[in-house]
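Work through these exercises on strand pairing with the model open. Try each task before reading its solution.

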Amino acid sequence: MHNTIVSLCVLAVAALAAPPKQDEPIPILASSLDGPNPDGSYSYSYQTGNGIQAQEQGQLAKISPTEDAIRVQGSFGYSDPDGQSIGIGYIADENGFQPKGDHLPTPPPVPAGILRALEYIAKHPEEDNLRK
């Protein structure tokens with residue numbers, strides 16, 4: 001009996017969480033694409049009838065004498081199920097993907113004691129050399 005109740009609850013939650021079926025296709029209101037170009041650069045953007053929009057630009061960059069990397073910047077936005085506008089801007093490069101958005105969680109501040117320790121270490125590099 002207990003397994004049946006749990007199974008029914010799981011099915012009910014899954015049914016509520018499933019997105020509604022879409023009978024009509026969502027139109028693309030605007031779309032552009034430039035590239036890829038011979039120099040490795042590109043850009044694109046689009047906007048849909050349900051409020052989704054995105055844009056991105058990328059270019060090839062020499063990060064060392066023997067290594068190239070693509071550097072990208074862009075943004076996208078949409079409305080969440082509650083109707084709140086969500087927007088994310090980002091950079092992606094040799095340092096990884098770096099998103100920014102008001103709704104994204106932020107790390108807690110570094111404790112003051114740790115900051116003081118880091119400042120002390122930066123001011124006293126000679127002590128690091130003694131250990132080697």
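**Exercise 1.** Find the strand order of the open sheet of six strands, and state the sense of pairing.

*Solution.* The order is E1-E2-E3-E4-E5-E6, and the pairing is antiparallel. Strands here are DSSP runs (E, at least two residues), numbered from the N terminus. Two strands pair if DSSP finds at least two bridges between them. Next, take the edges. E1 and E6 (96–100) each have a single partner strand, so one side of each lacks a neighbour in the sheet. Last, the twist: neighbouring strands are turned by 10 degrees against each other on average, direction ignored. The axes are lines fitted to C-alpha atoms, and angles run from 0 to 180 degrees between N-to-C directions.

The model is predicted: local features need pLDDT of at least 70, side-chain atom pairs count only at pLDDT 80 or more, and totals for chains, interfaces and linings use all residues. Residues are numbered from 1 along each chain as its sequence is written, and side-chain values use heavy atoms, without hydrogens and water.

**Exercise 2.** Determine how many bridges join E2 to E3, and which residue of their hairpin takes a positive phi.

*Solution.* Start with the ranges: E2 covers residues 42–48, and E3 covers residues 53–64. Six bridges join the two, antiparallel. Ser45 faces Gln55 in E3. Now the hairpin. Four residues lie between the strands, and Gly51 has a positive phi near 95 degrees.

**Exercise 3.** Describe the pairing of E1 with E2 and of E3 with E4.

*Solution.* E1 (residues 28–34) pairs with E2 over six bridges, antiparallel. Ile28 is opposite Thr48 in E2. E3 pairs with E4 (residues 67–79) over 11 bridges, also antiparallel. There, Ala54 is opposite Phe76 in E4.
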